[in-house]
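The following exercises are to be worked with the sequence and the structure at hand. Each task is followed by a solution in steps.

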Amino acid sequence: MTEDSVVWLEEVGKEDIAIVGGKGASLGEMLRAELPVPTGFAVTAQAFRRFIDENGINDELFSSLDVDVDDADILRSAEKKAKQIIMAAKIPQDIEKSIRSKYKELCKKEGEEVFVAVRSSATAEDLPDASFAGQQDTFLNMRGEQNVIDAVKKCWASLYGARAIYYRVKQGFDHSKVNLCAVVQMMVEAEKAGVMFSSHPSTGEPFTIIEGSWGLGETVVSGSVSPDYYLVDKKTKTIKERRIATKNVMHTKDPKTGKTMDIPVPADKKNAKVLDDNEILKLVDFGDVLEDLYGIPQDIEWAIKNKEIFILQSRPITTIKKKKETNEKVATTAILEGLGASPGIAYGEAKLVSDASELGKVKEGDILVAVMTTPDMVPAMKRAAAIVTDEGGLTCHAAIVSRELGCPAVVGTRRATMVLTDGMKITIDGEKGLVFEGKKEVAVPAAAQPEKTSVTFARSKPITATEVKVNVSIPEATARALETQADGVGLLRIEHMILGLPKHPKQYIKEGKADEYVAELVSRIQTVVDAFYPKPVWVRTLDAPTDEFRAMEGGDGEPIEPNPMLGFRGIRRDLIDTEHFELEVRAFKELIKRGYNNMGIMIPLVQHPSELRRAKEFMTERGIDFGKTEIGIMVEIPAAALIIDQFLAEGLDFVSFGTNDLTQYTLAVDRNNEHVAHLYNELHPAIMKLIEHVIIECNKVGVKTSICGQAGSNPKVAKRLVELGITSISANIDAVEAVRDMVARTELQLLLKGAREKK
Ligand code: PEP
Ligand code: MG
């Protein structure tokens with residue numbers, strides 16, 4: 001035990017958790033055992049406590065944390081306030097002096113100003129072994145006395161991050177009893193690094209597993225690279241398996257700034273093995289020493305520099321223990337509730353993604369958790385077993401894309417990114433909109449069980465007079481969409497294709513690469529019109545809200561709007577930004593030239609017939625012949641529904657109800673706002689009244705009617721629309737079959753009714 005506020009790691013050991021937290025104690029213990037751990041010092045939990053006491057901020061700090069943590073906004077302001085209090089307070093002079101002098105000593109030993117990592121190691125006064133892993137922040141590659149001092153303070157402040165506050169409240173910890181030790185440790189400029197399990201992580205068998213890649217270990221820990229895999233029999237010390245992966249990215253330190261950055265792995269190293277046999281066996285030996293030291297199998301982070309091995313961290317493998325003692329945690333009550341946006345049950349590890357740089361974390365079968373998904377997340381969404389978001393309604397990006405991918409999703413939970421932590425095992429019910437901790441046994445409905453091969457009946461598709469089509473937004477969903485045997489595509493959203501491009505359309509134009517942009521559009525649209533040929537595909541002109549476009553590279557010119565849903569989107573945007581409309585038209589013309597006469601063009605968000613007139617003129621002047629190519633509008637603003645006769649007078653082949661927008665504009669309910677999601681009702685009588693009026697008017701003049709909003713995927717709505725005389729219904733991939741069955745049944749009922757009435 002030590003009374004000092006700042007101690008060398010060599011001076012502490014496993015009995016000092018109350019002073020330096022679990023991480024500090026473990027590092028000290030390893031150094032005592034003469035393991036090659038990078039040296040450093042710890043600013044103790046008691047130093048942190050003195051910092052609070054001597055600044056007299058106790059009351060102010062802890063009362064600022066006394067809030068309703070279930071209210072995300074309140075929680076975030078509590079975080080902000082608490083962090084401000086910490087950052088404004090002064091570190092007691094003797095503690096600051098001690099940090100400076102220990103850092104100087106480290107530099108003296110190395111003969112230069114060294115880079116260090118400042119890591120948090122939390123501890124609870126009355127429960128010293130409580131784990132707060134992953135709740136606080138780490139600051140890598142800090143150099144210079146003042147930067148180290150600042151990082152220690154920031155590390156302390158991170159004890160009051162929203163997630164940490166939430167966790168402590170829910171786990172029943174008193175904030176004032178939790179202290180934080182900041183560990184300041186030399187950075188290892190690793191040439192290669194990775195993780196090692198001293199015994200098999202799920203079975204506990206005597207096999208050591210090593211994963212490694214080039215550069216710093218963050219790529220392996222975060223999962224942003226597929227690492228090499230080595231399996232070693234601990235007893236015989238024989239290497240049983242070597243799987244050499246293609247490693248594309250490495251994390252390394254920029255020698256000038258000291259910041260870590262991602263660089264491509266040099267060509268000759270991409271497919272080269274990271275570890276030679278000697279290194280593998282040396283690591284296995286370290287694994288054995290650590291397992292003996294702690295008495296249980298260890299999960300170890302290692303690094304190699306100049307052929308020297310370093311052990312960066314070691315902690316017990318919890319997965320084996322869990323399996324043996326309790327098996328899987330069995331879920332009972334939901335920990336989160338949201339909107340069931342895409343049906344299905346999934347179980348897996350939560351992976352929190354705050355931006356595209358973290359997508360590598362999401363491995364096949366993981367559950368992607370985000371505030372809201374963005375188009376650049378689609379590759380990770382494809383790997384994910386399920387998706388959970390804080391924000392959004394049933395027609396938000398996450399909802400639309402996950403339905404197309406057939407991936408269960410719960411959106412609008414408000415707090416998923418706060419309640420869930422990386423690696424937490426959870427079950428998602430995408431139908432009911434629930435998230436459970438652990439595995440929830442759910443009876444699989446008989447219809448969803450795989451059919452036995454010996455009794456396979458190909459389910460025949462009912463023929464319906466009302467066409468049943470499918471919606472497509474991402475070209476990757478084409479194969480699944482085709483499998484539905486739909487009668488065509490009632491909505492192809494091209495903005496999702498554009499948002500999936502590496503840069504904003506304006507950037508292509510700026511770089512003189514408009515042709516490249518048009519070619520991208522053509523190829524993506526062609527994937528769908530070709531797959532469905534000769535069935536009709538209604539391609540919609542651009543309808544992207546500015547907030548989504550702004551996030552793209554080169555998208556900073558997008559206007560910042562108070563309410564993007566009522567702003568610069570749909571046809572109003574194309575009629576102003578004609579430079580872009582022009583490129584869309586070039587893509588359409590190219591597809592027509594290639595013989596895709598099944599393509600129709602659909603205009604979104606019209607509110608006045610003049611918009612339709614001008615759009616048609618624009619396209620006609622550029623060579624599109626609406627005698628040969630079908631043209632239609634989306635009816636998604638109440639104004640368009642109310643004066644549909646005036647639109648019909650402009651000349652139209654079809655109209656399609658965009659009920660996602662029609663609902664939000666008719667009911668004044670933002671479709672992406674989870675706070676008013678309970679008022680979002682596509683079956684509201686006012687909406688049905690608008691739809692009925694449009695169908696009647698269109699049927700009078702023989703113009704086709706359809707629906708491509710989410711409501712069309714509801715069989716009950718489909719039934720009503722068939723009764724009203726709609727020409728086609730376009731549903732989500734997962735809903736096509738149920739809608740088609742309902743359409744067939746309704747048509748038969750109408751026929752039967754007609755026949756009975758005649759008698
Ligand atoms: C709609 O508004 O119903 C629609 C289909 O268009 P989006 O969801 O793309 O706005
Ligand atoms: Mg719409």
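**Exercise 1.** How much space lies in the second largest cavity?

*Solution.* The model is a predicted one. The second largest cavity holds about 40 Å³ of space. Its lining consists of His 504, Pro 505, Lys 506, Ile 509, Leu 542, Phe 549, Arg 573, Asp 577 and His 580. By class, these residues divide into four nonpolar, two polar and three charged. Helix α17 (residues 505-510) supplies the largest share of this lining, three residues.

**Exercise 2.** Determine which domains contribute at least three residues each to the lining of the largest cavity.

*Solution.* The largest cavity encloses about 90 Å³, and 13 residues line it. Nearest its centre lie Ile 400, Arg 403, Arg 493, Gln 710 and Asn 732. Domain 3 (331-454) and domain 4 (467-732) each provide at least three lining residues. The largest share, three residues, comes from helix α13 (residues 397-405).

**Exercise 3.** Check whether the end-to-end distance of helix α21 (residues 578-593) agrees with its expected span.

*Solution.* At 1.5 Å a residue, the 16 residues of α21 should span 22 Å. The end C-alpha atoms are 22 Å apart, so the two values agree. Among the buried residues of α21 are His 580, Phe 581 and Leu 583. After the helix comes Gly 595, with a positive phi near 95 degrees.

**Exercise 4.** Explain why Cys 708 forms no bond with the closest cysteine sulfur.

*Solution.* A disulfide requires sulfur atoms within 2.5 Å. The closest cysteine sulfur, in Cys 698, is 14 Å from that of Cys 708, and is therefore too far for a bond. Cys 708 is buried, at 2% relative accessibility. A search of the whole structure finds zero disulfides.

How values were computed
Residues are numbered from 1 along each chain as its sequence is written. Chains are lettered from A and ligands numbered from 1 in the order in which they are written. This is a predicted model: local features need pLDDT of at least 70, side-chain atom pairs count only at pLDDT 80 or more; totals for chains, interfaces and linings use all residues. Side-chain values use heavy atoms; hydrogens and water are left out. Helices (H or I, at least four residues) and strands (E, at least two) are DSSP runs, numbered from the N terminus. The expected span of a helix is 1.5 Å times one less than its number of residues. Buried means under 20% relative accessible area, exposed over 50%, partly exposed in between (1.4 Å probe, protein chains only). On a 1 Å grid over the protein atoms alone, a cavity is a set of points where a 1.4 Å probe fits but cannot get out, and a pocket is an open set with protein on both sides within 12 Å along at least five of seven lines; lining residues have an atom within 4 Å of a point. Grid points are joined across faces, edges and corners, and a volume is the space filled by probe spheres set on the points. Domain bounds come from an automatic or database domain assignment. Ala, Val, Leu, Ile, Met, Phe, Trp, Tyr, Cys and Pro count as nonpolar, Asp, Glu, Lys and Arg as charged, and the others, Gly among them, as polar.
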